[in-house]
Amino acid sequence: MSNIRHALSVKRADDFAQWYQEVISAADLAEESGVRGCMVMKPWGYGIWERIQRLMDARIKDAGVDNCYFPIFIPLSNFEREAEHVEGFAKEMAVVTHHRLIAGPDGKLIPDPEAKLEEPLVVRPTSETIIGDAMARWVQSWRDLPLLTNQWANVVRWEMRTRMFLRTTEFLWQEGHTAHETREDALEETHRAITMYSDCAEDDLAIPVIVGEKPENERFPGAVETWSIEAMMQDGKALQAGTSHYLGTNFAEASGIRYQDREGTQQLAHTTSWGFSTRMVGGVIMTHGDDDGLRVPPKIAPWQIVILPMLRDKPEDEKVLEYCGEIVAKFRELGLSACGEPIRVLLDKRPAKGSAKRWEWVRKGAPIILEVGPRDMADGKVAMLRRDQLWNEESGKPAFQFLTREGFSSQAPSLLEAIQDRLFEEARERRDANITRGITDFDALSDFFSGDARYPGWVEVQWSKPTGAALEKVVEQLKALKLTMRNVPVDAAAVDGACIFTGEPAVERIFVARAY
RNA sequence: CGGGGAGUGGCGCAGCCAGGUAGCGCACCUGUUUUGGGUACAGGGGGUCGGAGGUUCGAAUCCUCUCUCCCCGACCA
């Protein structure tokens, strides 16, 4: 409706990239830090990450994986062991060469030439090599396997181009590293991890994803198989939202992870690694955000219900606050919970104008906002605003629902669960509506992506899975259309035609899309 | 790392071409007013104009270097 006055100045449809930036500042998620590519995560943004982290950590622990912590610094030589791995990461490494500063000629601090490290240390871009070292010490016998470890850590990759949350120089993540006796066991773990990510994305973040295997050219450096979950953003681009790798015996060989099998023979372990990062916060923004800011799914909302007393700097303010406090107390007393956890209610007592606070929480995307003024109090009611159903389209005004205090309390758990489900359904429908199948020749694909639609979504094509030079050619063809191959979905229909690139008989279906 | 754009009070911007020592809107503070609610009026506080160096009697404005951000590309979670 044109008469609605939205809370953001940029609309998704007008400039998606700018809208994304605006949501981050308007929802108070993060800000620039002055250090290239690094951001300051503010309480609301970090709080969302903490929720994601907590839910993911529970899933990891449920899978019997133990948390550890490994150093942020990795000896340079560690990286030289696995050829593809070096090649993959060498270009984006932060290197520590000195351990002391001294005053230089002009009085400014410089690294002390006397304090140069004998061997430079790199700031971890990922920890396969250093964890491999530890695994080599920890694994002696087949009885030591499987070895299942995980760490929550920051990593640094010196990327050319950065974007808040989606690609920052430093980011936070979880990296699981496991070692197994056999290829089969390791592959099973690889698949278990990607399923765990898929469950977390869909059930916790309300982001529908496609689980599949990455084509050869998109594999992690040093991996034998790479699996991903791919999510569709509102502009139709794909976001790789989590990856799981079967590393074969490549890293075991590089780090010397060997065990004696039941016959007493030395064998190389099969390892896996899998990661899930703060990039997901960007995924939440681009999946659930709207023209009024962010909409946070209840399961990951730091505060699910925010109560705003309408304070007017009058004596009756005390009573309003008391009335609101009783709502919070009632929640505690009844032990109300939603989605399996106690409901998180915030009473925002700040002495700001009611309307200002309301729009602030709308932009932040708290699932439910309650406004309570003297008249509500007199009627024993509350004015409720659902963030996922913000506007009354007819009036162009916020769609308040006036409920009794008790009525609201009893409904709150199911309301939050309904909001969680609705956000997922909305995203899933949009995703499904923007997947195209049945394009069988490359010219049609080219036309499809060079039409007027800014972001036409994803296309599932059939291909013959070429390798080597033939694969290179496919990659180049797609690059000309700004497209990449995303993944080969696990649950695709059987193939029944020719490869869209080579014309040879197709062997599988794969998604192509523009991507972040 | 290449191409484009930008950095001026918390946010959004004007001023820069034709150098003279900083302004607007929102936010903020105080007071009054208003009250189913993104209110109105009046008064007020806050900026060494990203940083360093240079030209000049004088620099937000001119020159040089540098840092950071945004968009597009090449690279990637």
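# A protein and RNA strand B in a predicted model

A backbone N or O atom of Arg5 lies 2.3 Å from a base oxygen of RNA strand B, and this contact, in what is a predicted model, is a convenient place to begin. A second approach to a base involves Thr168, of which a backbone N or O atom is found 2.5 Å from a base nitrogen of RNA strand B. Ser355, by contrast, comes to the strand through its side chain, a polar atom of which lies 2.9 Å from a phosphate oxygen. The elements that contribute two or more residues to the surface near RNA strand B are α1 (16-26), α10 (354-364) and α11.

Taken as a whole, the surroundings of RNA strand B comprise 39 residues, of which Arg5, Arg161, Gln240, Arg279 and Phe402 come nearest. Of the atoms of the strand that come within 4 Å of the protein, 46% belong to sugar and phosphate. Sorted by class, the surface near RNA strand B consists of 19 charged, 11 nonpolar and nine polar residues.

From this surface one may turn to helix α1, one of the elements that contribute to it. The residues buried in α1 are Phe16, Trp19, Tyr20, Glu22, Val23, Ile24 and Ala26, and what covers them includes β1 (30-32), α8 (279-288) and α10. Helix α10 thus appears both in the cover of the buried residues of α1 and among the elements at the surface near RNA strand B. After α1 comes Asp28, whose phi is positive, near 60°.

Helix α9 (residues 317-334) allows a check of its geometry: at 1.5 Å a residue its 18 residues should span 26 Å, and because its end C-alpha atoms are 26 Å apart, expectation and model agree. Its buried residues are Asp317, Val320, Tyr323, Cys324, Ile327, Val328 and Phe331. Viewed down the axis of α9, these buried residues fall within an arc of 140°, and therefore they line one face of the helix. The face turned away from that buried side carries the exposed residues Glu318, Lys319, Glu322, Arg332 and Glu333. The cover over the buried residues of α9 includes the strands β17 (305-309), β20 (345-347), β21 (368-372) and β22 (381-386), together with the helices α11 (374-379) and α12 (405-433). Following α9 is Gly335, with a positive phi near 60°.

A similar description can be given for helix α13 (residues 442-449), in which Phe442, Leu445, Ser446 and Phe449 are buried. Around the axis they cover an arc of only 100°, so they are placed on the same side of α13. Asp443 and Asp447 are the exposed residues carried by the face turned away from the buried side, while the cover over the buried residues includes β27 (458-463), α14 (468-480) and β30 (508-513).

Two acidic residues in helices may be set side by side. Glu189, in helix α6 (residues 183-204), counts as buried because its relative accessibility is 8%, under the limit of 20%. The side chain of Glu189 makes a polar contact with that of Arg192 at 2.8 Å, and, leaving aside neighbours within four places in sequence, Glu189 is in contact with Leu148, Thr178, His180, Thr272 and Trp274. Asp432, which lies in helix α12, has a relative accessibility of 36% and therefore counts as partly exposed. The side chain of Asp432 makes a polar contact with the side chain of Arg431 at 2.8 Å. Asp432 and Pro208 are separated by 224 residues in sequence, yet their C-alpha atoms are 9.5 Å apart in space.

Some features of the backbone remain to be pointed out. Most residues other than glycine have a negative phi, and most peptide bonds are trans. Leu145 and Pro146 are nevertheless joined by a cis peptide bond, with omega about -5°, and Pro146 is placed in the loop between α5 (128-138) and β9 (147-156). Phe165, in the loop between β9 and β10 (170-180), has a positive phi near 70°; since its relative accessibility is 1%, Phe165 counts as buried. Lys465, in the loop between β27 and α14, likewise has a positive phi, near 55°, but at 43% relative accessibility Lys465 counts as partly exposed.

Terms used. Residues are numbered from 1 along each chain as its sequence is written. Chains are lettered from A and ligands numbered from 1 in the order in which they are written. This is a predicted model: local features need pLDDT of at least 70, side-chain atom pairs count only at pLDDT 80 or more; totals for chains, interfaces and linings use all residues. Side-chain values use heavy atoms; hydrogens and water are left out. Helices (H or I, at least four residues) and strands (E, at least two) are DSSP runs, numbered from the N terminus. The expected span of a helix is 1.5 Å times one less than its number of residues. Buried means under 20% relative accessible area, exposed over 50%, partly exposed in between (1.4 Å probe, protein chains only). The arc is that of the directions from the helix axis to the C-beta atoms. Contact means heavy atoms within 4.5 Å. A residue is near a molecule or strand if one of its heavy atoms lies within 4 Å of it. A polar contact is a pair of N or O atoms within 3.5 Å; within protein, one must be able to donate a hydrogen and the other to accept it, and residues adjacent in sequence count only if both atoms are side-chain atoms. Ala, Val, Leu, Ile, Met, Phe, Trp, Tyr, Cys and Pro count as nonpolar, Asp, Glu, Lys and Arg as charged, and the others, Gly among them, as polar.
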